[in-house]
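Trainee: I've got this one open and I'd like a close look at a single part of it. Could you walk me through one piece properly, then show me what else is worth a glance?

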Amino acid sequence: MSFLHISLLAGLVAVSVPVMLHLFGNRQPKQVVFPALRFVVQTARKQSSSWRLRHFLLLLLRCLLIAIMALAIARPRVHSAMLGSMIGVGIVLTIAAIATLIAAAAWVGRRPLTVRWAATLIAVLLWIGGGLWCAISLTRGPAVPGGDQSAPVAAAIVIDTSPTMRYVSAGKQRIANARELVKWLLGELPPESRVGILAGAPVAALSLDPAAAMTTVDLVDASGSATDLVGRIRAAVELVSASELERKEVYVVSDLTLPAWEQANGGLAEALKQVRGEVLVQVVDVGDQDAVNWGLGDPQLDATAAIVGSDVTVTTTVTLPEAADEDSAIVELYQEAIDPTLPVLQSDKGTLRKAAEKVIDRQVVELGAQRSAQVEFNLRNLAAGSNNFRIKLVHEDPLKIDNERFVSIAVEPPQPTLVVAQEPRLGQLLTALVNPFAADQEQLAEEISYAALSDARLESYKVVCLYDPPQLSAGAVDKLYRHTAAGGGLLTILGPSAKTAGGDLSRILPGVLKNVGQRDDNRRFFQVATPTHPVLAELSQWSDSADWSRLLVFSNWEFESLNEGAFAILTYSDSQQPALTSHAIGRGLALTLTTPIPEPETRDRELWNLLWVSESPYLSFGLLVGAINHLSGFEAGGSTQVAGRSVTLSNDLSRWPAKYSFYASHFGEVRKLTADEEVGELTVPKLEQPGFYWLRGQLSGPVLRTLSANVPAAATQLDRLSEQDLDSALGEDNYRLATNRSEITSSIGQARFGRELFPLFMLVVAALFLAEQAMSNRFYNFSFAGNKR
Amino acid sequence: MVAVEQYLKPELAAQIKRLDLRAKMVVRGFLHGLHASPFHGFSVEFSEHRRYSPGDDPKDIDWVAYAKTGKYYIKKFESETNLTGYLALDLSESMNYTYRQSLTKLDYSICLAAALCYLMIQQQDPVGLVTFSETLKASVPPKSRRSQLPTILSQLTKLSTSGQANISASLVQLTAMLRHRGLVMIFSDLLCDEEPMVKAICNLRHAGHDVIVFHILDEAEVSFPFDGMVELRDPETGRTQSVSAADAGRDYRKTVDEFRARLERSFSENRVDYVPVDTSQPYDKALMEYLLSRRNRF
C-alpha cells in the first residue's frame with residue numbers, strides 16, 4: 001500500500017481528539033428535580049449499562065471515522081492485483097466488528113457464559129485472521145508502482161505482423177488499426193520515455209523517443225509469414241528490463257490468432273512471472289470474434305525443377321468457412337509469358353511493367369460438407385526459362401492474402417550425365433535416378449564401367465558421377481579433372497574400392513584420404529553442416545522431419561584434412577569428419593560423398609551404411625538428386641518458396657550472371673544483388689511478401705530467374721486464442737488484456753498507479769458518519785421544547 | 001373578555017390571586033356548561049313530587065308514580081345535611097413541584113379543594129380540612145356555616161410543604177380521628193410506599209367513609225419530557241440518579257401507567273373513587289369525571 005504523501009498520515013493523530021474529549025470533556029448531565037424518582041430508579045441500572053456501552057461504541061465510531069478519513073485523505077493505493085485481497089480483508093474486518101458488537105452485547109446483556117465466550121472467541125479470531133491476511137497481503141503482495149504520472153516509461157511495443165493482420169474489418173485492415181492504436185499509445189507516453197518497436201526488424205535497445213517511434217510505426221506492415229510473437233515478447237521484456245527507467249512496460253498488439261502464438265510455451269510464462277511487478281505486460285486485442293476466411297492451401301508440386309517439354313502437376317486446397325452459403329468456388333490459373341527482358345521499373349510511376357499474364361485454366365470446385373476440396377492443375381509442355389503461374393480463388397473476402405498462390409518452375413534444357421560404375425546394376429540405378437523421364441525423352445544419362453572411362457567423350461556430358469572409384473589411371477584422372485575445370489560437375493561416391501594412397505585420384509578429391517573409419521555402436525550418422533546449401537534443397541520439404549539419426553553409417557572414408565576452399569555440407573555426428581564435401585576445380589564444381597549411396601545389400605562384404613536399405617531411403621534419394629541437380633545447374637526446390645525465408649541459389653558463373661536486378665511488385669524500386677563468386681551462390685534476401693520475385697541479369701543476352709513466395713496456409717488460420725490459451729502462454733497474472741482505448745487507459749492506469757482506495761474509504765466514512773449521527777442523536781438530541789427551556 | 005369557562009384552565013385560574021374568587025370562578029365555569037344540577041345523587045335526597053312541565057328532563061320522571069297515577073311526576077330533591085366532607089391535602093415536599101406548568105401540584109390541589117369546598121358549602125354541607133405529610137398537621141373541623149368557606153380558604157392559602165410523605169400513617173391517624181361517617185377527599189401525588197398507602201385508604205373506606213382520591217401528578221411526572229443526559233434528584237430524599245432521558249422515558253411512562261392502573265384496580269375493588277389528574281388538565285375534567293361517576297353510582 002502506498003499513499004499520496006506519507007506525511008498526510010499525520011492526520012491519524014486527530015484520533016486522539018475524541019479520546020481526549022471522552023476522558024476530559026465529559027459533559028455533566030443536566031440536573032433536574034424530579035419527585036417521581038422512585039419510578040426511574042427501577043430501570044436505572046439496566047439503562048446505565050447499555051448507556052455506557054453505547055457511549056463507548058460512539059467513541060469507537062468517532063475514532064474510526066477520523067482514522068479512516070485521515071487514511072482516505074492520504075489517498076491510499078494498492079497494486080491492482082491486491083484489490084481483491086484488500087476487499088476481502090475489509091469484509092473480514094467488518095464481520096469482526098459486527099462479531100465484537102455481538103460479543104459486547106452478550107456481556108452487557110449478561111447472556112450465558114458459553115454464549116459470551118463463544119462470541120468473544122469468534123470476534124478475536126476474526127480480528128486476528130483479518131489482521132494477518134492484511135499484513136501478509138501488504139508485505140508479500142506486489143509493490144505499488146511509482147505514483148509519478150509524468151515519469152518516463154521504458155516501453156517496448158510488440159506488433160503482430162502475421163498475415164492475419166491483413167484481415168479487413170469495418171473497411172480497415174487489422175494492421176492499420178494496430179498502427180493507429182500504437183501511435184495513440186505513443187502519444188500517451190510521457191515525453192522523456194524510451195521506446196522500441198518490435199515488428200520484425202531486430203531492436204538492439206530502446207533508442208527511440210515517442211515522436212520518432214511514430215515514424216517507425218508508419219512503416220510497419222503485415223508480413224507474408226507467421227510471426228514469432230513469443231520471441232518478440234521475450235526480446236521486448238529483455239529490452240525493458242535492461243532499461244534504467246523505473247517504469248517498464250511491454251505492449252503486445254495482436255489479433256490473437258493461433259499461428260503467431262503457437263510457439264508459446266511455459267518458458268515465456270515463467271520469464272514473465274520473474275519480472276511481474278516490475279514489467280507491465282499489456283496485451284491489446286485488435287482481432288474479431290467472428291472472422292471468416294476463404295482461402296487456398298499451400299501449393300504442392302510433383303517436381304520442383306523440370307526439363308523442357310515436361311509436365312508438372314500442382315495441387316492446392318480450397319477452403320470455405322463453415323458459415324458460407326456457397327457450395328462451390330471458382331479457381332483460376334494464370335500463366336505469365338516468358339520474357340527475359342521484363343519486368344522493368346516504370347520510373348515515372350514506380351510500378352513494374354511485367355510480362356503479360358493470361359488465364360489458362362478455370363475450375364469450378366464443388367465443396368462438400370467438409371468445406372474444403374483439392375484442386376489440381378496440370379502444367380503441360382513447359383518451355384525453357386522461368387515459368388510463373390498464379391492460382392487465384394475468385395472470391396472477395398476479408399482476408400485476401402491467401403486467395404492467391406504463386407508457383408515458379410525453372411525449366412532447363414536437358415543436361416546429360418555420365419554415370420561410371422563397376423557394377424552395371426548400380427550404374428543403371430543411378431542413371432534412372434538422374435533421368436526419370438528416360439522412357440519418352442531423349443536419353444540424358446549413360447552408364448559405363450571404369451574400363452571404358454578412358455575412351456569416353458566427357459565433353460558430351462555436363463556431369464560425371466563416379467560410383468565407388470577404384471585406383472584410376474593418371475590419364476583418366478586428368479581427363480576428369482580437365483572436364484570439371486572446364487565447367488563440368490563431378491560427383492564422386494567413395495566406397496570400398498578406393499585406396500588409402502589415393503594416387504592420382506587425390507587430384508579430384510577435396511583432401512588426402514587417411515583411412516576407413518569404422519563404428520558399429522549406432523552413434524554415427526549424417527549431420528547437416530551447411531543447412532542452406534542448394535544440394536539440400538530437394539530435402540527442404542522434409543526439413544522438419546529429416547531424421548538422419550536412424551540412417552546409421554558403419555564405415556566411411558576419412559580425410560587427413562580438407563584442401564583450401566573445400567568445405568563440408570554434411571559431416572558425421574561422432575567425429576565431425578566430412579560426409580559430403582564441395583570444392584571447386586577450375587570453373588567446375590566437385591562434390592564428394594565419403595560413404596557409398598546407393599549401398600546395395602551384398603553378401604561378399606559388410607554394409608557400409610543403412611542409408612539406402614532403411615525403410616525410408618527418401619533422404620538418401622533426395623540427397624543424390626539434389627547433388628546431381630546442383631552440379632547440372634538445376635535449382636531444385638528453389639523457385640517456389642514459403643514467404644519469410646531467404647533463399648540461396650546456385651550461381652555457376654558459366655551459366656548465370658554475377659549481378660542481378662531484383663524486382664518485386666511491392667518494392668517500388670530496383671534492388672541490386674551480387675553473387676558470391678567463390679562459392680558460386682546467390683543469396684536472395686527474405687521474401688517478405690507473397691508474390692513473384694524476378695532476378696534479371698545479363699550474360700550473353702538477358703537472363704531471367706524467378707522466385708515465388710507464398711503465405712503458409714497455416715499462417716492464415718483465423719482460430720483465436722482462448723483466454724485459457726493466453727493464460728497458459730503468458731501466465732495467468734502476468735499480463736493485462738484490453739480491447740479498446742478506454743480499457744487500455746483504465747488497465748494501464750491501474751497497473752501504473754495501482755488501485756485508489758479513496759472511494760472505498762469514503763464509502764466507509766459515509767457509513768460511519770451515518771452510524772455516528774444515529775448514535776449521537778440518541779444521546780444528545782434536544783427537542784425544540786427542551787432547547788427553548 | 002375572558003369567559004368564565006376559561007378559568008377552568010389552571011394557568012388562567014392561577015392569575016386570580018384570591019383563592020375565594022378562584023374557587024368561585026372554577027365552580028361557576030364548571031356549572032355553566034351543565035344542563036342540570038350536578039348534585040343529584042350527591043349529598044341530596046328525595047323530598048317530594050311535582051307535576052311534569054315541558055322543559056324538565058324526562059330522565060327525572062318518576063315512572064312508578066306514573067304507573068300508579070297515569071300522570072307524569074318529577075322527583076324533587078333536597079339537600080342532605082348529615083354528610084360531612086373532609087378535604088385531606090398532602091403537604092409533603094414532593095407536592096411543591098412543577099417542571100413547566102404554572103401551578104405546582106399543591107397549588108392545583110388547593111384550587112381543586114377550594115372549588116369542592118365552595119360546592120359543598122353552597123349546598124350547606126359541613127366541610128373540614130386536614131393536611132398531612134409525615135403525620136397529620138393542621139385541621140379545620142367540619143362546619144356547614146357560610147363562614148366556614150373563608151376559614152378553609154384562608155387556611156388553604158397559608159399551606160406550605162415540608163418533609164416526606166407518610167400517607168399510610170397519616171390516614172391511620174385520620175381514620176381514628178373521624179367519628180362520623182363522611183366523605184374524605186384526599187389530594188396527593190401518592191409518592192410513597194404503595195402497599196401501606198393503599199391499605200390505609202381502603203381502611204378508611206372500611207371505616208364507613210366515602211373516599212375520593214385525587215391522584216395529582218405534575219405534567220412532567222406523567223410525560224417525562226426530558227432529553228439527553230439528566231441527573232434527577234428526589235426533593236424529599238435528596239437521592240440522585242443520572243439517566244439518558246431518551247432511554248429512560250419510555251420505561252418510566254410505562255411504570256407510571258402501571259402504577260396508576262394498579263391503584264385504580266385496588267381502589268375500585270374497595271369502592272374508593274380514584275381520580276388520576278395531572279397539573280396540565282383543566283379542573284372541569286377532574287370535577288366532571290368525578291361528579292358524573294358519583295351520579296351514575298347512585
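Trainee: Let's take the place where β1(A) meets β8(B): how many bridges join the two strands, and do they run parallel or antiparallel?

Mentor: Bear in mind that this is a predicted model. As for your pair, β1(A) and β8(B) run parallel, with four bridges joining them. One spot to click on is Lys30(A), which stands opposite Val230(B).

Now zoom out a little. The two strands belong to an open sheet of three, ordered β1(A)-β8(B)-β9(B), with mixed pairing. At the edges sit β1 (30-33) of chain A and β9 (240-244) of chain B, each of which pairs on one side only. On average, and ignoring direction, neighbouring strands here are turned by 30° against each other.

On its other pairing, β8 (residues 229-233) of chain B goes antiparallel with β9(B), over five bridges. Val230(B) turns up again here, standing opposite Val243(B) in β9(B). Further along, Arg233(B) has Thr240(B) as its bridge partner. Together β8(B) and β9(B) make a hairpin with six residues between them. Have a look at Gly238(B) in that turn, where phi is positive, at about 75°.

Next, the side chains. In a regular strand they alternate between the two faces of the sheet. That's how β8(B) behaves: Val230(B) and Leu232(B) point to one face and are buried, whereas Met229(B), Glu231(B) and Arg233(B) point to the other and are not. Helix α9 (residues 245-269) of chain B lies across β8 and β9 of chain B, at about 105° to β9(B).

For the setting, chain B has ten helices and ten strands, and 42% of its 298 residues count as buried. Take the contacts in chain B between residues at least 6 apart in sequence: 74% of them join residues at least 24 apart.

For another sheet to set beside that one, go to chain A. There you'll find an open, mixed sheet of eight strands in the order β21-β20-β22-β23-β29-β28-β27-β25. Its edge strands are β21 (445-448) and β25 (526-528), and the twist averages 20° from one strand to the next. Within this sheet, β22 (residues 463-467) and β23 (residues 489-493) of chain A pair in the parallel sense over five bridges, with Val464(A) opposite Leu490(A). A helix lies across this sheet as well: α12 (residues 618-632) of chain A covers β20, β22, β23 and β29, running at about 155° to β23(A).

Still in chain A, try a helix pair. The axes of α5 (residues 174-188) and α6 (residues 210-218) come within 9 Å and cross at roughly 175°, which makes α5(A) roughly antiparallel to α6(A). On the α5(A) side the contact uses Arg179(A), Val182(A), Lys183(A) and Leu186(A); they meet Pro210(A), Ala213(A), Met214(A), Val217(A) and Asp218(A) in α6(A). Sorted by type, the residues of that contact come out as six nonpolar, three charged and no polar.

One last stop is Asp160(A), in the loop between β3 (153-159) and β4 (168-169) of chain A. Asp160(A) counts as buried because it has 28 C-beta neighbours inside 10 Å. Leaving out residues up to four places away in sequence, Asp160(A) touches several others, among them Met165(A), Thr227(A), Leu229(A) and Asp255(A). Thr257(A) is 97 residues from Asp160(A) in sequence, with 9.8 Å between their C-alpha atoms.

Definitions and conventions:
Residues are numbered from 1 along each chain as its sequence is written. Chains are lettered from A and ligands numbered from 1 in the order in which they are written. This is a predicted model: local features need pLDDT of at least 70, side-chain atom pairs count only at pLDDT 80 or more; totals for chains, interfaces and linings use all residues. Axes are lines fitted to C-alpha atoms, for helices over the stretch in contact, and angles run from 0 to 180 degrees between N-to-C directions. Angles under 35 degrees count as roughly parallel, over 145 as roughly antiparallel, 65 to 115 as roughly perpendicular and the rest as oblique. Two residues are in contact if their C-beta atoms, placed from the backbone, lie within 7 Å. Ala, Val, Leu, Ile, Met, Phe, Trp, Tyr, Cys and Pro count as nonpolar, Asp, Glu, Lys and Arg as charged, and the others, Gly among them, as polar. Two strands pair if DSSP finds at least two bridges between them. A residue is buried if 20 or more other C-beta atoms lie within 10 Å of its own, exposed if 12 or fewer, and partly exposed in between; C-beta atoms are placed from the backbone.
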